[in-house]
Structure formats: C-alpha cells, structure tokens
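Subject: Structure for you to look at

Hello,

Here is the structure I said I would pass on. My notes on what was found in it follow below.

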There are 2 protein chains.
Amino acid sequence: MSVSSEGRIANLPTLADVRTAAARLAGRARVTPILRSEVLDAAAGARLHFKCEHLQHSGAFKFRGACNAVWSLDEAHAARGVVTHSSGNHGQALALAAASRGLPAHVVVPEGAVRAKVEAIEAAGARIYRCAPTQAAREAEAARVVDATGATLVHPYTDSRVIAGQGTVALELLQAVPSLDTLLVPVGGGGLAAGCALVGRGIAPNLALLAAEPAGADDAARSLRAGRRIADVVPETVCDGLRATVGAPNFDILKACGVAVLTVTDAQVLAAMRLLWRELRQVVEPSSATVLAAIQAHPEVFAGREVGVVLTGGNVDLDALPFG
Amino acid sequence: MSVSSEGRIANLPTLADVRTAAARLAGRARVTPILRSEVLDAAAGARLHFKCEHLQHSGAFKFRGACNAVWSLDEAHAARGVVTHSSGNHGQALALAAASRGLPAHVVVPEGAVRAKVEAIEAAGARIYRCAPTQAAREAEAARVVDATGATLVHPYTDSRVIAGQGTVALELLQAVPSLDTLLVPVGGGGLAAGCALVGRGIAPNLALLAAEPAGADDAARSLRAGRRIADVVPETVCDGLRATVGAPNFDILKACGVAVLTVTDAQVLAAMRLLWRELRQVVEPSSATVLAAIQAHPEVFAGREVGVVLTGGNVDLDALPFG
C-alpha cells in the first residue's frame, strides 16, 4: 500500500484487510455491547440494534482504525512513532493506540478544538502541535512533523489501515446479529462508512447500506448524487465529528458499494441525542445521534427492517450538553 | 408462601426459587451487559465487572423482582391486579411488569417522591395513590387499596417472589464470569442483597458477599453488627433508593449467608457517580454509585480480587445531576 503526502491511497482496502484487522484487534479493542429498546423499535416500526462504539476504548470507534494502523507497523517504522491531525476522537484514539505499543504519538490540533478532547489527547501521552483551523494548515503541519520525526502519518479516514480497522464494527455486528438487513452509520470523512460498506458488500450482499449525514455538512450526499467527489462544502453543524470532507478513497468505496446517504438537521440530531438518553440511557455525542435522527426523519426507509445502528462516540462534556 | 399484611413472609425463598424466577424472566427481562474499565481496575488493583442493571427494563434491577411476582400469580389473582407502595423504581418496575401481562397496577406514592419517577410510574399505566411520607402511612394506604380492589400486594423487598427475582442478577453474573470471587451490591431494603446472597451461598460458597450502604442509612450494617434487626435508623442520604430499612426476611438471609456491609459517605458516592460517568460513560443514580464508592473507600477488601459489581439503577434527571 502506498500513501502519498495528502493521505491518498493507491489501492483501496478490501474485506480481507478488514478480517486481518479484526484478528489484530482481538484482545486490544473492546467487543462493544449492543443495546435495544422496545420503545425506539415501536416508534420506528423496525428492530434496531445499537452497537455501542461510544463505549470503545477512547470513547469512539476511532480506536479500531488507529489500533490497526499502529499494530500493523513494522518495528523500524514503529520505533519512530505516529503522527496525525485531528480535532478530537482520532487524535485521542491514535494517542491511546500508540501508548498501547509504547510508541511516541504526535497530534496536530487545530485552534478551536473541543478542550476536553484536546486534554484527553494529551492525557493519553501524545505531543500536541497547534495549527490554524484549516485543512491546508493541518496537513502542512502534519507533513512538517513527519519530516522532523520520521514518524508515520496515520490519516484520520483515508488511510487504508484505518478504513479496514473501522470495518471491524460491521463484522462484529453481523456476527452478533446475522439477520440484519440494514446497516446505518454516520458519515463524515467516511472511514467508518467505507470500512462497513466493504464488509456489507463482501459478506452480506443484500444488506442495505445507509449513512447519516448532517444537512450542514452534506458533501457525501452531494458527491454521491453528482457521481464525483465534491470537496468545497463549508460545514456548519453541531456534529463536530462529521465536519470533515469525505475522502477520495472513501468516496470511491461508498459509490462502488452503493451506499445511500440520508441527511438530517441539527435540530433532529439534538432531539435524537435526548431520545437516546431517555430510552437507552446513553449519552452520545451529536455525531452519534445522526443515526437515530435519520431513522426518525426517514421512517419509510426503515419500516419493517432489522437495522444495525452504530453509535460512534460519547466524548461530550456532561456539564455542557447541547440539548436542554 | 404466605404474606401477611405487613409484607412479612413465613418462609424464606431459596436458590430453587431464584432458578424458577430466571426461567420465568427469560425473554421478559433483559440480559444486561457487563462493562469493564482498565482505569478503574488499575485504581482498585482488582478486576471489576460492572453488571448494568440501570439498562434493565424500567431502568433498574427492580423489574426482575416485579416481573417474577406478576408472572407467578395464578389467573384469578392476576385478574385483580397488583399493588405496592414505592417512591420510585419498584413502583415503575411493577407498573411495567403488570402492563406486560395486561394487569391493573396500583402504586401508593409518598409525598416528596422524585417527580420524574412518579411520572414514569404513571406513564407505565399504573394508578397513583398519594400518602404521607412515612412507612406507616404507606402501608396503611396500600392495605386500604388491597381491601378495595382485591389486588395482590407486592412488597418492594420483603416479598419472596421479589427476592427470588432480584437474585437472578447474581445468576447471570456468575454465568458470564464464573471466576468471580467477590460480589458487591448496594443494600437498602435488602431485596437484591438477599437474592444475590442466596445465589452466592448456593452455587459459589467461596464467593465473598459484600453490600455497600450509605453511612446515613446504615441500618443493615448496624443490624448485622448487633445480630438483630435495628429498624429505628432515620435515613439521611442522597441515595434515594437506599433509604428503606432492611426487611426482616432480608436481614435473616444476609445474616445466614454471612454478608458483610461496607458503609460510604454521600461525598464518596457523588465522587464515584462522576467517576462512573468519566470511565464507564454511564450515568447511574446515587444509590448505584455506592458500590464503586465502597471499592474506593475500602481498597484493602478488594485488592487482587475478581469482583462482580451491580449497578442497580439509572433513573436520574440528566438536567439535575447531583454532581457538578
């Protein structure tokens, strides 16, 4: 696999890569619980299986991809550590994954990132580098750190190892609930959505593959409609984990696998976040709540179906919840 | 089994009753997940397995006992419904269990009960009766409702069917983690503690049986020290689910099974509640947090042990958390 300086990948990952990742993650990542709610099922007219990745190490599914990347490095590369740019969960996940192998981690953090998330990245032992809050500044600073340290860049969502790691969520869900006919995940940069799509198409070709996206950051929806990647959407959404533009390999996979995107408003997301608290007793971050928001906003898509729903992260400040 | 008007039971329940309850609850109660945390393990120097009964139907383990009671009634008794007195979780659990069999439920609620809990009892379809906030007033009003309706009294914790139902938590925990050497639950009226003690002594005689109790409602600790039930403690604690006085059959079982009680202060409880949020991402009610508070307050008891820890309930108002 060859990774260019922009984190673009020459070869797309495959189902075999996801299976290899699953073996690598055994005993390192958590097999997260699946929760159900009769009330939410009745409201949706569907059977919903909520995969609790907010209870994953680092509080998000991101640990899977980061851990797969860290533990797939050969000794020589590993010794020089890993670097990424992230405003949140991927940075924390990579820091924790690097620590699990005793490697140095360098995380470029844009100004304006959620303080609790930055503190968690530091607490996990990573070195923090600040930069301006633009994609260009993030990539330039990460490239500088790569040059200075010789560390390996682990892009948050275009890296093949990351995509393969995230796909293990779908493997676990399908193993636990083989009767699923629908899989629903949030889409931001598309690491999780692409990894899960590879699994769905690979082992359950009749599985409907759906992704939930904030209407204020709907580049994946627009891109799939247009048939080409649209990268100039300026995100405006409460879902801080989904502001990234869908990556090029991610878009290619979503398109090839026939993933359909459902958009939701921020108001729908906050209502869903509160409903997840009331009915599942789980506090998730806004990005996570997009999935239930999509089920509520597009009931005709889900009626009568058996749906695997991924709750992606729970890194919120309990003292400053965005729903009142 | 004969139940007097005070809810006293002539014959104590047995392990066989717990097994019967487990069969009755299959498909009705949830098999709740067990969560783990490396951070909490490291802090305790122990392996902690948190049984998430706050994710049980009705948000508390109470559903197990209530469901066992409701579904063990013969048709003639069932038709006349069930009645109890409760300021919270048992009332909600009984209302929900009765609804699951299509039976009327009557719940006597003392003035001053948490509003959210009372609303949940009503939402589950029960008829509410108000009374003064004393044990005598609760029992008198419940007796009046029994006379008026012919409904069966299901006492919150002295009822044999309730004790047997609560014991199924320990059965599930030991089935999932057979290597447990310690079991820790909160104690209030003692339904859960007694049911779990029956299971522990019955199938894992070397299991250390521990109960956590608020220092401001330490009647169980005092009673076991004195060797006789002390019922005149005036409770003063943030743990609204643990203010009841340990029941007579409950005390007999705790004493016979060698249960040891560890007391904790309200400040320790609130700190543990916050820690459970930070490390397990679970919001539990104060009564639930007594168990982690006990582990932190009495580290020498737990060092090196493999501990089953029951998180009993999660019915808190997210907008009014008692930790800041």
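How many residues does the contact take from chain A and from chain B? The contact takes 23 residues from chain A and 23 residues from chain B. Please keep in mind that this is a predicted model.

The interface

Between them, chain A and chain B bury about 1,700 Å², and 55% of that is on carbon and sulfur atoms. On the chain A side, the residues that lose the most area to chain B are A:Trp277, A:Arg281 and A:Leu318, which together account for 34% of what that side buries.

As for polar links, there are 2 salt bridges between chain A and chain B. In a salt bridge, the side chain of A:Arg30 meets that of B:Glu38, with 2.8 Å from N to O. The count of residue pairs in polar contact between the two chains, with both residues at pLDDT 80 or more, is 9. Helix H12 of chain A (residues 266–280) gives the largest share of the chain A side that touches chain B, namely 3 residues. By type, the residues on that side of chain A are 10 nonpolar, 7 polar and 6 charged.

Strand E4 of chain B

Now to the inside of chain B. Strand E4 of chain B covers residues 105–110, and 6 of its 6 residues are buried. In a regular strand, side chains alternate between the two faces of the sheet. Both faces of E4(B) are covered. On one side B:Ala105, B:Val107 and B:Val109 are buried, and on the other B:His106, B:Val108 and B:Pro110 are buried too.

Strand E3 of chain B (residues 82–85) runs parallel to E4(B), and 4 bridges join the two. Within this pairing, B:Val82 has B:Ala105 as its bridge partner in E4(B).

B:His49

One more residue of chain B is worth a note. B:His49 is part of strand E2 of chain B, which spans residues 47–52. Is B:His49 buried or exposed? Its relative accessibility is 5%, so B:His49 counts as buried, the cut-off being under 20%.

The side chain of B:His49 is in polar contact with the side chain of B:Glu306, at 2.6 Å. If neighbours within four places in sequence are left aside, the contacts of B:His49 include B:Ile34, B:Leu35 and B:Arg36. Also among them are B:Leu173, B:Val177 and B:Leu180, together with B:Glu306, B:Val307, B:Gly308 and B:Val309.

Regards

Definitions and conventions. Residues numbered from 1 in each chain as written. Chains lettered and ligands numbered in written order. Predicted model: local features only at pLDDT ≥ 70, side-chain atom pairs only at ≥ 80, totals over all residues. Heavy atoms only, no water. Contact = heavy atoms within 4.5 Å. Buried area = accessible area lost by both parts, 1.4 Å probe. Salt bridge = Lys/Arg side-chain N within 4 Å of Asp/Glu carboxyl O. Polar contact = N/O pair within 3.5 Å; in protein donor to acceptor, adjacent residues only side chain to side chain. Nonpolar A, V, L, I, M, F, W, Y, C, P; charged D, E, K, R; others polar. Buried < 20%, exposed > 50% of the residue type's maximum accessible area, 1.4 Å probe, protein only. Pairing = 2+ DSSP bridges.
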